[in-house]
Amino acid sequence: MEWLGPMMILPDNADMDHLLEASNAFASGASTILEELLPMKEIVRYKDANKSDPVTNVDLRIEDYLKREISREFPDHSIIAEETDDQTIECSDFVWVIDPLDGTKNFAAGLPFYSVSIGLLYLGIPIIGSILMPDSVMGSGLYSCKLGGGAYLNGERLGILNSPEHKVSALSVVPSGFRQSFYMVGDSTRSSGSSNRSFGELRTMGSIASEMVLVARGIFGCGIFSGGHIWDVAAGILLIREAGGEVMILENDLWVRFSGFTTPSQDDDTVNSQSLRDWGGILIAGPESNAQYLRSIVRPRKKRIKSR
């Protein structure tokens, strides 16, 4: 067992390797289902009255598969899945957090930018991540990581973001409505929103998990992520960290280093599924220098609009 801080012991290397192998196998199985159903995809319902948040048959089939396989392999582990709002239960130490199809609107519209995201938390800390990008402009890829073990694409280690030989782009990814939700210190054009020079040209792609993959690869030099849920970011946070990047979270209008999804109180050290489902943090991420730069200039407006 290895220690993480003064109070936490992680699973040993053999157990971590087994967990990562299982996570990648789950993602590969999801890929097979996706290939089978892609020609027959259909929207089966919407989550909102405005019909702007669709759920497809593919979302539901992949989620059912992942929950079934995880429960079979790890019957003592808990599962939180996007499309299943189970009754609030006390979670085990290990919690699988799955998004069967992040970027459903892209998928339904035929835009090849979406992913299957599988993350594993241990006492609220991401320790395993698998993100399948099955049909992107970069080709199909399985991104995987384990805490302390690096980040990989199809088994090949990703370049380290902070290394001199690994250049990152001048593009940045931000949520929709970014200018209405945030402003930049020292940006004289922030009211009009006519300049994005503070941290490069901005993009919004519609799939947080996939956007985090591009940050981990350096295709985006940095990113701001808001309006997401725990299943959107659990695997991506670890992937960016293991690729040498940094992730910070907004707490009380201050950017601090992300340390986990839960902070149990001294009186109650249990975590329930609803508290994790309700998580809605705002993150900045990128190579250390870029993340620190965002930390110094990006501020939330007092009233933020809801974004993707």
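Two strands count as paired here if DSSP finds at least two bridges between them. With that in hand, welcome to a walk through this model, which is a predicted one.

Let us begin with strand β16, residues 245-251. Six of its seven residues are buried, so β16 is largely enclosed by the rest of the structure. One of its partners is β17 (residues 254-257), joined to β16 in the antiparallel sense by four bridges. Within that pairing, L250 has W255 of β17 as its bridge partner. Another partner is β18 (residues 283-287), which also runs antiparallel to β16 and is linked to it by five bridges. Here V247 faces A285 across the pairing.

The turn that connects β16 and β17 deserves a pause. These strands form a hairpin with two residues between them, and N252 sits in that loop. Although N252 is a residue other than glycine, its phi is positive, near 55 degrees. Is N252 buried or exposed? With a relative accessible area of 76%, N252 is exposed, in contrast to the six buried residues of β16.

From here, move on to helix α8, residues 288-297. Its buried residues are A291, L294 and I297. Seen down the axis of α8, they fall within an arc of 135 degrees, so they line one face of the helix. A rule of helix geometry is helpful background: an α-helix has 3.6 residues a turn, so residues three or four places apart point the same way. What covers the buried residues of α8? The cover includes the strands we have just visited, β16, β17 and β18, along with β13 (182-184), β15 (222-225) and β19 (298-300).

Now turn to the open sheet of seven strands, which has mixed pairing and the order β5-β6-β7-β8-β9-β10-β11. At its edges stand β5 (78-81) and β11 (156-157); each has a single partner strand, so one side of each is left without a neighbour in the sheet. Helix α1 (residues 13-37) packs on this sheet, where it touches β6 (94-102), β7 (115-122), β8 (125-133) and β9 (141-146). The direction of α1 makes about 30 degrees with that of β8.

Strand β8 is a good place to look further into the sheet. Nine of its nine residues are buried, so β8 is largely enclosed by the rest of the structure. On one pairing, seven bridges join β8 to β7 in the antiparallel sense, with Y122 opposite I125 of β8. β7 and β8 form a hairpin that has two residues between the strands, and L123 in the turn takes a positive phi of about 55 degrees. On the other pairing, β8 and β9 run antiparallel over six bridges. There, G129 has C145 of β9 as its bridge partner.

That last residue raises the matter of cysteines. C145 counts as buried because its relative accessible area is 1%, and C91, at 12% relative accessibility, is buried as well. How many disulfides does the model contain? The count comes to zero.

Towards the β11 edge, β10 (residues 151-153) and β11 are antiparallel and joined by two bridges. L153 stands opposite E156 in β11. The loop between β10 and β11 holds N154, whose phi is positive, at about 50 degrees, although N154 is not a glycine.

Finally, visit helix α2, residues 57-73, which has 17 residues. From first C-alpha to last it reaches 24 Å, close to the 24 Å expected at 1.5 Å a residue. α2 lies across β5, β6 and β7, running at about 160 degrees to β6. Its buried residues are N57, V58, D59, I62, E63, Y65, L66, E69 and I70.

Following α2, the loop that leads to β5 contains F74. Which residues does F74 contact, leaving aside its neighbours within four places in sequence? They are H18, L19, A22, F26 and W96. F74 and A22 are 52 residues apart along the chain, and their C-alpha atoms are separated by 9.7 Å. At 9% relative accessibility, F74 counts as buried, because buried means under 20% relative accessible area.

Technical notes. Residues numbered from 1 in each chain as written. Predicted model: local features only at pLDDT ≥ 70, side-chain atom pairs only at ≥ 80, totals over all residues. Heavy atoms only, no water. Expected span 1.5 Å × (residues − 1). Buried < 20%, exposed > 50% of the residue type's maximum accessible area, 1.4 Å probe, protein only. Disulfide = S-S within 2.5 Å. Contact = heavy atoms within 4.5 Å. Axes fitted to C-alpha atoms, helices over the stretch in contact; angles between N-to-C directions. Arc of directions from axis to C-beta.
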